[in-house]
Each structure stands twice: as structure tokens, then as C-alpha cells.
Amino acid sequence: MKVLVAGFDEAATERLSVALRAAGHHVVGVTGRESCRALVRAVGPDRVLAPAGDGEVLVAEWLADLDAVPPLVALAPGEPPETALAPPRVTTGRVTPMAPEPAPRPAPAARPAPAPPAVPSAPPRPPDPPPRALEPEPWLNDAPPAPQPGQPNIASKLAQVRFGDYHSVLETTAAASAWEVREQFVHLARLYSPAGWPSRLSPEDIDMLVEIGRGLRDAYGILGDPELRTRYERALTEASAPGLEPLRR
């Protein structure tokens, strides 16, 4: 079965993907709206697995206006994914009437509880030592310097991840070889990370780098797989035909 895992955070998406692949399913995991819509068009999954509650409603809104939407399966917290994907069991056969329940017996009279033994008072607890101030990380600073000319820009890359297609996210072309796609993914994943960024970072910068990293992994998950890349690029070509809305992801 082809399963699209959507609407979960990055850690839950990875955990569910590993569990479902071990059970013999073909799995693709996404965390964003445009990636989810593009893969439903390109891959045609048999099921879309989403978190029960608000996550299920959100993923349903993502897919509401698509022509062919696969069944949406909600996964409750702690529920094994295989259980959620299994078809409902139907029990057939004769129904045996249940015997009437016997009348409840009167409860025995409550006995007074014995008094608890006296507990000697504990000695007073010494005061806790004052908390030690944490040293800031070397790449964290509330006032980072302005980017230099020619230096990669985090905000521009984040906009590219959110609104561009997977080739623009990895800064490749449709003619790029599998080796070029992998080398470009490794280079960008190292650059757009808190450890690899060449200048100081603010907390907002770090949040943006985390989202960029997820987008790079999503893009490589499709372009790094020959079959998924072929389907994705076919969907891009069909969506770019005259009279159709362009497909970004």
C-alpha cells in the first residue's frame, strides 16, 4: 500500500515512516501543504495518514479542492499506524441474548479506619543553590550583523522553500543527474543549519533554518528517488500546461 504521512511534526513523520516501511508499505512523509498536494497528484497514494483531531482537519483542508483525494485516515495518539490503516472488522453470526444481571448485593457496613501511626517530622530541607547562568551558544546572538553582499540570505531561501518547486529548493535543474542532486542537497543542508551558517544567528534565524532543513529533506526525498522524481516532474509538466494553475510543489 502507498501511504502519504502528512500533518505530523518531523520526528513523528520519521518514526511513522520507518514503522510503515518495515510493515511492507511504500511511504512518503511531508510536513507542509504544498508538498502534500503535489505528492497526492504525482504519486497517487492509497491512504493519507494524519494525526487525529486538529491535524486531521488541517490535512483535509489541504486536499479539499483536489480532483481525486485518497481516503484520509486519522491516527490517535499512541495508536499503532498498522491498526489505523487496517480495514474495520465485521463480526457476523448469531447473536446470543445476554442473561439478566443479578441484583447487586448490599454493601457491608463500613468499619472505621484505624488512626495512622504518628510520623516524626522530617528535618528542614536546606535551601537550593542559586541556578547557574547558562553560557550562550557561540552562534546565538540577539543582534546579528547585516548580511554581506553575495552572502546567502536565510529569509530568501525560506521563501524559496515555501513557494518554489523542488528543483528550485535544491538549486538544480530538471537535467541534473542523480549525483548532482545529492551533492547539492548535502551542500545546502550543511550551509542552512545552525552549525554550518557562516555568521551569528538570532532565535528567529534558527527557527527559519530548521524549516529550511525540513524543506531540503522533503525535496531530496522526491528528487533523490528515480521513480518519485519521474512522477513529480510529469506532474509539474502537466500542471504547467496552458489553462492550468502552475504547480509549485
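## Exercises on a predicted model

Leaving aside neighbours within four places in sequence, His25 touches Met1, Val3, Leu20, Glu82 and Leu85. The model is predicted.

**Exercise 1. Place His25.** State where His25 is found, and decide whether it is buried or exposed.

*Solution.*
- Step 1: locate the residue. His25 sits in the loop between α1 (10-22) and β2.
- Step 2: read the accessibility. The relative accessible area of His25 is 14%.
- Step 3: apply the cut-off. Buried means under 20% relative accessible area, so His25 is buried.

**Exercise 2. Lay out the fold.** Give the helix and strand counts, then the pattern along the sequence.

*Solution.*
- Step 1: count. The chain has 9 helices and 4 strands.
- Step 2: read along the sequence. The pattern is β-α-β-α-β-α-β-α-α-α-α-α-α.
- Step 3: add the chain totals. Of the 249 residues, 31% are buried. Take the contacts between residues at least 6 apart in sequence: 69% of them join residues at least 24 apart.

**Exercise 3. Order the sheet.** Find the strand order, the edges and the direction of pairing.

*Solution.*
- Step 1: order the strands. An open sheet of 4 strands runs β2-β1-β3-β4, with parallel pairing.
- Step 2: find the edges. β2 (26-30) and β4 (72-75) each pair on one side only, which makes them the edge strands.
- Step 3: get the twist. Ignoring direction, neighbouring strands of this sheet are turned by 25° against each other on average.
- Step 4: inspect one pairing. Strand β3 (residues 47-51) and β4 run parallel and are joined by 4 bridges. Pro51 stands opposite Leu75 in β4.

**Exercise 4. Put helices on the sheet.** Say which strands α2 and α3 lie across, and at what angle each runs.

*Solution.*
- Step 1: take α2. Helix α2 (residues 33-43) lies across β1 (2-6) and β2, and its angle to β1 is about 170°.
- Step 2: take α3. Helix α3 (residues 54-62) lies across β1, β3 and β4, at about 135° to β3.

**Exercise 5. Explain the burial of α2.** Why is α2 largely enclosed by the rest of the structure?

*Solution.*
- Step 1: count buried residues. In α2, 8 of the 11 residues are buried, so the helix is largely enclosed by the rest of the structure.
- Step 2: name them. They are Ser35, Cys36, Arg37, Ala38, Leu39, Val40, Ala42 and Val43.
- Step 3: find the cover. Elements covering these buried residues include β1, β2, α3, α6, α8 and α9.
- Step 4: check the end of the helix. Just after α2, Gly44 has a positive phi of about 65°.

**Exercise 6. Describe the α7–α8 packing.** Are α7 and α8 roughly parallel or roughly antiparallel?

*Solution.*
- Step 1: choose the descriptors. Two packed helices are described by the angle between their axes and the distance between the axes.
- Step 2: read the values. Helix α7 (residues 178-191) packs on helix α8 (residues 203-223) at about 170°, and the axes are 10 Å apart.
- Step 3: classify. Over 145 degrees counts as roughly antiparallel, so α7 and α8 are roughly antiparallel to each other.
- Step 4: list the contact residues. Val181, Arg182, Phe185, Leu188 and Ala189 come from α7, and they meet Leu216, Arg217, Tyr220 and Leu223 in α8.
- Step 5: sort by class. The contact has 7 nonpolar, no polar and 2 charged residues.

**Exercise 7. Zoom in on Leu216.** Identify its helix, its burial and its contacts.

*Solution.*
- Step 1: place it. Leu216 belongs to helix α8.
- Step 2: check accessibility. The value is 1%, so Leu216 counts as buried.
- Step 3: collect contacts. Beyond neighbours within four places in sequence, Leu216 contacts Lys157, Val169, Leu170, Phe185, Leu188, Ala189 and Tyr192.
- Step 4: take one partner. Phe185 and Leu216 are 31 residues apart in sequence, with 6.8 Å from C-alpha to C-alpha.

**Exercise 8. Classify aromatic pairs.** How many aromatic pairs does the whole structure hold?

*Solution.*
- Step 1: count. The search finds 3 aromatic pairs.
- Step 2: take Tyr166 and Tyr232. Their centres are 4.8 Å apart, with 35° between the planes, and the pair is tilted.
- Step 3: place this pair. Tyr166 is in helix α6 (residues 166-169) and Tyr232 in helix α9 (residues 226-239), 66 residues apart.
- Step 4: check burial. Tyr166 is buried at 0% relative accessible area. Tyr232 is buried, with a value of 0%.
- Step 5: take Phe185 and Tyr220. The ring centres are 4.6 Å apart and the planes are at 5°, so this pair is stacked.
- Step 6: place the stacked pair. Phe185 in helix α7 and Tyr220 in helix α8 are 35 residues apart.
- Step 7: check burial again. Phe185 counts as buried at 15% relative accessibility, while Tyr220, at 22%, counts as partly exposed.

Methods: Residues numbered from 1 in each chain as written. Predicted model: local features only at pLDDT ≥ 70, side-chain atom pairs only at ≥ 80, totals over all residues. Heavy atoms only, no water. Axes fitted to C-alpha atoms, helices over the stretch in contact; angles between N-to-C directions. Helix = DSSP H or I, 4+ residues; strand = E, 2+ residues; numbered from the N terminus. Parallel < 35°, antiparallel > 145°, perpendicular 65-115°, else oblique. Contact = heavy atoms within 4.5 Å. Nonpolar A, V, L, I, M, F, W, Y, C, P; charged D, E, K, R; others polar. Phe/Tyr/Trp six-rings, centres within 6.5 Å; stacked < 30°, edge-to-face > 60°. Buried < 20%, exposed > 50% of the residue type's maximum accessible area, 1.4 Å probe, protein only. Pairing = 2+ DSSP bridges.
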